[in-house]
Amino acid sequence: MKTGYKNIYQKYKNCITNVIFPIILFFYPLMKINQGVDVSDSTYSLGNYLFFERLGGTWWVISTYLSNVTGWLLTKLPFGNTLLFMNLYTGLIVSALTIGLYFLLRKWMPAWIAFLGEFIAIGFLWIPTGILYNYLTYAFFALGAVFLYKGLVEEKNVMLIAAGILLGLNVFVRVPNVAETALIVCVFYYSYICRETIQIAAKKTGLCIAGYLLGVAVPLIMILVQYGLQDVLKMIRGLSQIQNGDDS
């Protein structure tokens, strides 16, 4: 920062970091909710939300189950069945995530750096917020990574479990997110650089895995109750066909 701006920042630091920055981060994702959208993929997602109860256990509904359930619940809010208000409600999810991450990250870095990072990140978001399988993926992964870091650095076991739960839930936001399980490898790396014993590393990893299994189990049970095992197996076969180039 230049000296003049730096002096102003230091003088009004509490107001800037606790009020102005959060207000900007809250409204920034909402700026374009009525300025048109790219509907090439939006209508696919919005159609799933509107007709969620009629689609049955089709593989594309199950493979993005939590995204579709969230979108379906949003359609039940006032005017939630309109594009404008769906943009508003999903934009608020982005706003809440951004502010939450800002307050978490500024504990480990200067507030203005956390703010700039969040502001730039929002600026690069080109996908319509209504496509929740993208934005919930970002949310669960970002929070999971922060909680994992917090659990390791501050030695809080509950945070390690919470990180695992978030990564587990992310599997049913979009099934390919199962690859994010690799983030748990960071536990071993952190234990290595801190010269911790194998027992301590194994305990921390076990807590993450326990949270992960819980995060996977809850939506899986919901799916099994709602659709049954056969539809889950159809979902797996459907994803396999896409991988092999046959999405029919």
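Biologist: What share of the 248 residues of the chain counts as buried?

Modeller: Of the 248 residues, 42% count as buried, where buried means under 20% relative accessible area, exposed means over 50% and partly exposed lies in between, with a 1.4 Å probe and protein chains only. This is a predicted model, in which local features need pLDDT of at least 70 and side-chain atom pairs count only at pLDDT 80 or more, while totals for chains, interfaces and linings use all residues. Residues are numbered from 1 along each chain as its sequence is written, and side-chain values use heavy atoms, with hydrogens and water left out.

Biologist: Why is Cys208 called buried?

Modeller: Cys208 has a relative accessible area of 1%, and the limit for a buried residue is under 20%, so Cys208 is counted as buried.

Biologist: What makes Cys194 partly exposed?

Modeller: The relative accessibility of Cys194 is 37%, which falls between the two limits, and therefore Cys194 counts as partly exposed.

Biologist: Why does Cys208 form no bond with the closest cysteine sulfur?

Modeller: A disulfide is a covalent bond between the sulfur atoms of two cysteines. Here the term requires a pair of cysteine sulfur atoms within 2.5 Å, whereas the sulfur of Cys208 is 9.6 Å from that of Cys186, the closest one, so the distance is too far for a bond. By this rule the count comes to 0 disulfides.

Biologist: How many helices and strands does the chain have?

Modeller: The chain has 13 helices and 0 strands, where helices (H or I, at least four residues) and strands (E, at least two) are DSSP runs, numbered from the N terminus.
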